[in-house]
Amino acid sequence: MNWITDHKIPLGQWMEAFVDWLVGNAAGFFDAIAISLEWLILGTTDILQLFPPVAFIAAVGAIAWWIHRSWGLVIFSVLSLLIIANLGYWVEMIETLVLVLMATFLCIVFGIPIGIMAAHHPKFHAAIRPIMDLMQTIPTFVYLIPTLILFGLGVVPGLISTIIFAIAAPIRLTALGISNVPEELIEAGKAFGATNTKLLLKVELPAAMPSIMAGVTQCIMLSLSMVVISALVGADGLGKPVVRALNTVNISQGFEAGLAIVLVAILLDRLCKQPTRLEGQS
């Protein structure tokens, strides 16, 4: 046993050397990514904050009605946003919303194509499965160390860490949905002379859409779970008052900020779910 501990595999030193190599040889590349993402996030946040809260709440209510045709969801959306505004966390809510939506968008852009490729290539799926397991099981605080070194303090390391943590959900559920498309549908598409591209767009993706949307919803929830952790590296949003309340043992502030996060999570979850037949008929 002593021999095993005396001959420790220097995994941590190898990772540290790799990160140092990245910093020394690709600092300009990571700085460009950090500046671009920060400009995009802060610009989007500033644009949304130009709208009065009443106009923003009305727009969210209209979107809820347009998607789901449900007065219950409209009332819940309006009341949730009014409660957040009343608690004084409107600006923080907008910052959190932009961060979550940006992370979800990037996860969808990269995750769905990877999931489609994994469904069509079993060897590729087998190769990335342990990587996705690693991404979802490593403690999230560990992500903050290399991202903080590579991208600096601010919202960008929080965004990158969120993407790493959440992107496995759309990849897995997209691959699952495409793999579970009934063989009869695929054979029917081929019988009508559909190319592989048309088969994907007209048959596989529509049939797998419930699973893909479940992946998107799960991605949003995972992104929101990173809000507080992202605040530790300087990301703005609802995570900051939670961390501040934790440091000062402020129960009221922690409860109010936590309630705001819960309301945003439920609202996004309900909005992104596929409308049911009952909702469409109401």
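## A nonpolar patch on the surface

Which residues form a nonpolar patch on the surface? In this predicted model, the patch is made up of Ile 83, Phe 255, Leu 259, Val 262 and Ile 266. Together these residues have about 410 Å² of accessible area.

Helix α15, which covers residues 251-272, supplies the largest share of the patch, with 4 residues. Phe 255 is a good place to start looking, and this residue lies in helix α15. Its relative accessibility is 58%, so Phe 255 counts as exposed, the cut-off for that label being over 50%.

## How confident is the model?

Before going further, a word on confidence. The average pLDDT of the chain is 84, and 94% of the residues score at least 70. Residues 277-282 deserve some care, since their pLDDT is below 50. In the model, this stretch has 8 contacts beyond near neighbours in sequence.

## An aromatic cluster

How many aromatic pairs does the structure hold? There are 5 aromatic pairs. One of them joins Phe 29 and Phe 30: the ring centres are 5.4 Å apart and the planes stand at 70°, so this pair is edge-to-face. The cut-off for that label is an angle over 60 degrees. These two sequence neighbours make a nice contrast. Phe 29 has a relative accessible area of 52% and is therefore exposed, while Phe 30 has a relative accessible area of 11% and is therefore buried.

Phe 30 also pairs with Phe 151, again with ring centres 5.4 Å apart, and the planes are at 85°, so this pair is edge-to-face as well. Here distant parts of the chain are linked: Phe 30 sits in helix α3 (residues 27-50) and Phe 151 in helix α8 (residues 140-151), 121 residues apart. Both partners of this pair are buried. Taken together, Phe 29, Phe 30 and Phe 151 make up one aromatic cluster.

## Two loop residues with positive phi

Now for the backbone. Most residues other than glycine have a negative phi. Which way does Arg 69 go, positive or negative? Arg 69 has a positive phi of about 55°, although this residue is not a glycine. You will find Arg 69 in the loop between α4 (53-68) and α5 (71-87). With 33% relative accessibility, Arg 69 counts as partly exposed.

Val 249 is another non-glycine residue with a positive phi, near 55°. Its place is the loop between α14 (239-248) and α15. Val 249 has a relative accessible area of 68%, so this residue is exposed.

## Inside helix α5 and along helix α6

Is Ser 77 buried or exposed? Ser 77, found in helix α5, has a relative accessible area of 1% and is therefore buried, as the label applies to values under 20%. Leaving aside residues up to four places away in sequence, Ser 77 touches Val 60, Ala 64 and Leu 267.

Finally, take a look at Pro 113, which lies in helix α6 (residues 90-120). Its relative accessibility is 43%, so Pro 113 counts as partly exposed. Where is its C-alpha atom relative to that of Thr 174? The two C-alpha atoms are separated by 8.5 Å, with the residues 61 places apart along the chain.

Note on methods
Residues numbered from 1 in each chain as written. Predicted model: local features only at pLDDT ≥ 70, side-chain atom pairs only at ≥ 80, totals over all residues. Heavy atoms only, no water. Patch = residues over 30% accessible without salt bridge, like charges linked within 9 Å, V, L, I, M, F, W, Y side chains within 5 Å. Areas by Shrake-Rupley, 256 points an atom, 1.4 Å probe, with all protein chains shown as cover. Salt bridge = Lys/Arg side-chain N within 4 Å of Asp/Glu carboxyl O. Helix = DSSP H or I, 4+ residues; strand = E, 2+ residues; numbered from the N terminus. Buried < 20%, exposed > 50% of the residue type's maximum accessible area, 1.4 Å probe, protein only. pLDDT = per-residue confidence, 0-100. Contact = heavy atoms within 4.5 Å. Phe/Tyr/Trp six-rings, centres within 6.5 Å; stacked < 30°, edge-to-face > 60°.
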